[in-house]
Amino acid sequence: MTTGTLITVAPTGAESAKAEVPALPVTLDELLLTAKECEALGAAVIHVHIRDDDARPTLDQGRLRDTVAALRENTDLIVQLSSGGAVTDPESARLAVLDAGPDMASCTMGTVNFGDDVFLNRWEFIVDLHTRMQERGVVPEYEIFDLGHLTALQRLLGKYGLPHGGHVHVDFVMGVPGGMPGTTATLVAAQQMLRDLPEGTTFSATGIGRSTIPVMLASLSTGGHLRVGMEDTVTYAKGRPVESNMQLVARAVGFAQLAQRPPLTTAEARTLLGLPAVAR
């Protein structure tokens with residue numbers, strides 16, 4: 001079992017509206033403040049979606065580059081850009097995310113019903129994204145919304161090789177309406193399927209909405225890592241809105257410490273994920 005816990009914060013996402021969730025960080029200044037606060041508490045990775053001047057999801061290249069540069073200048077966090085964007089974003093814009101030069105990017109391993117929408121990830125697109133990341137030295141986090149996505153990942157690695165850095169890390173996104181449920185039984189089944197992937201594969205787990213706490217506890221107890229943030233839940237407890245991403249990271253850090261698996265530093269996280277060390 002892994003002795004430390006990789007904590008990823010996903011502060012914004014593409015689903016919640018600023019008007020409905022005033023605490024959501026949507027400007028670059030708000031994102032930087034969130035990043036600094038969460039790093040100070042124990043987060044090592046930031047999973048980034050960005051918004052435009054009207055707080056709508058965007059994949060604007062200039063904004064992405066500015067965001068990556070600002071996060072690098074002001075924090076030691078590992079910068080992971082979302083290649084998923086919003087469900088309406090075209091494949092070309094999603095692939096162009098890599099042009100902003102992140103440390104990591106997400107790579108979703110299949111199409112999934114996403115509430116009332118469809119999150120489309122064609123096989124050809126997945127292959128293109130995976131191979132471009134290999135060429136550019138970007139480390140993927142393979143996002144798994146359903147158990148069949150693990151079989152697709154096995155196929156991808158078998159045909160196109162290991163990711164840049166050689167380490168395979170997946171994130172189980174659980175509790176999305178249309179995807180796998182956020183239950184302990186499902187997480188155990190998913191974890192057992194990792195045996196078909198390269199030795200040393202690691203996983204994080206994300207519980208959407210009310211599945212947040214059950215998934216955190218199950219992941220820690222099975223040797224997994226944690227992703228938390230206002231992308232995934234805007235309710236801290238029943239009837240209690242989230243006040244900040246820092247509040248969610250603090251809870252995850254507390255759970256990790258109780259499990260005697262304290263948060264990994266950013267340097268330790270880079271070693272785990274196959275990323276090069278950064279000289280400061």
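Visitor: Where does Gln260 lie?

Guide: In this predicted model, Gln260 sits in the loop that runs between helix H8 (245–258) and helix H9 (266–273).

Visitor: Why is Gln260 called exposed?

Guide: A residue counts as exposed when its relative accessible area is over 50%. Gln260 has 68%, so it is exposed.

Visitor: What is notable about the phi of Gln260?

Guide: Gln260 has a phi near 60°, which is a positive value in a residue other than glycine.

Visitor: Which other residue has a positive phi although it is not a glycine?

Guide: Ala55 is one of them, with a phi of about 65°. Ala55 also belongs to a loop, the one between E3 and strand E4 (57–58).

Visitor: Is Ala55 buried or exposed, and why?

Guide: Buried is the word for a relative accessible area under 20%. Ala55 comes to 17%, so Ala55 is buried.

Visitor: Which side chain reaches the backbone oxygen of Ala55?

Guide: That is the side chain of Arg51, at 2.8 Å. Arg51 belongs to strand E3 (residues 50–51). A polar atom of the Arg51 side chain also lies 3.1 Å from the backbone oxygen of Gly13.

Visitor: What makes these polar contacts?

Guide: The pair of N or O atoms must be within 3.5 Å, one able to donate a hydrogen and the other to accept it. The distance to Ala55 is 2.8 Å, and the distance to Gly13 is 3.1 Å. Set against the cut-off, both distances pass, so they fit the distance part of the rule.

Visitor: How do you know that Arg51 has no salt bridge?

Guide: A salt bridge needs a side-chain nitrogen of Lys or Arg within 4 Å of a carboxyl oxygen of Asp or Glu. For the buried Arg51, the nearest side chain of opposite charge is Glu15, 6.7 Å away. That is beyond 4 Å, so Arg51 goes without a salt bridge.

Visitor: How many salt bridges does the rule give?

Guide: The count comes to 14 salt bridges.

Visitor: What makes the contact of Arg56 with Asp54 a salt bridge?

Guide: The closest N and O atoms of Arg56 and Asp54 are 3.2 Å apart. Because the limit is 4 Å, the pair qualifies. Arg56 forms a salt bridge with Asp52 too, where the closest N and O atoms are 3.4 Å apart.

Visitor: Why is Arg56 called partly exposed?

Guide: Partly exposed covers what falls between the buried limit of 20% and the exposed limit of 50%. Arg56 has 49% relative accessibility, so it counts as partly exposed. Its partner Asp54 has a relative accessible area of 55%, so Asp54 is exposed.

Visitor: What about Asp232 and Arg227: how far apart are their closest N and O atoms?

Guide: They are 2.7 Å apart, in a salt bridge. Asp232 counts as buried at 6% relative accessibility, and Arg227 is buried with 4%. Shared partners join Glu143, Asp171, Arg227, Glu231 and Asp232 into one network of salt bridges.

Visitor: How much space lies in the largest pocket?

Guide: About 580 Å³. Of the 32 residues lining the largest pocket, Ala14, Glu15, Phe114, Ile208 and Glu231 are the closest to its centre. Its lining has 14 nonpolar, 11 polar and 7 charged residues.

Visitor: How many cavities of 30 Å³ or more does a search find?

Guide: The search of the whole structure finds 1. The largest cavity has a volume of about 40 Å³.

Visitor: Which residues line the largest cavity?

Guide: They are Ala14, His49, Ile50, Pro57, Thr58, Leu59, Gly85, Ala86 and Asp89. By class, this lining has 5 nonpolar, 3 polar and 1 charged. Asp counts as charged, so Asp89 is the charged residue here.

Visitor: What separates the C-alpha atoms of Thr3 and Ala19?

Guide: A distance of 40 Å, with the two residues 16 apart along the chain. Thr3 lies in the segment before strand E1 (7–9). At 65% relative accessible area, Thr3 is exposed.

Visitor: And how far apart are the C-alpha atoms of Gly148 and Met109?

Guide: They are separated by 8.8 Å, though the residues are 39 apart along the chain. Gly148 is in helix H5 (residues 148–160). Its relative accessible area of 48% makes Gly148 partly exposed.

Methods:
Residues are numbered from 1 along each chain as its sequence is written. This is a predicted model: local features need pLDDT of at least 70, side-chain atom pairs count only at pLDDT 80 or more; totals for chains, interfaces and linings use all residues. Side-chain values use heavy atoms; hydrogens and water are left out. On a 1 Å grid over the protein atoms alone, a cavity is a set of points where a 1.4 Å probe fits but cannot get out, and a pocket is an open set with protein on both sides within 12 Å along at least five of seven lines; lining residues have an atom within 4 Å of a point. Grid points are joined across faces, edges and corners, and a volume is the space filled by probe spheres set on the points. Buried means under 20% relative accessible area, exposed over 50%, partly exposed in between (1.4 Å probe, protein chains only). Helices (H or I, at least four residues) and strands (E, at least two) are DSSP runs, numbered from the N terminus. Lys and Arg count as positive and Asp and Glu as negative; His and the chain ends are not counted.
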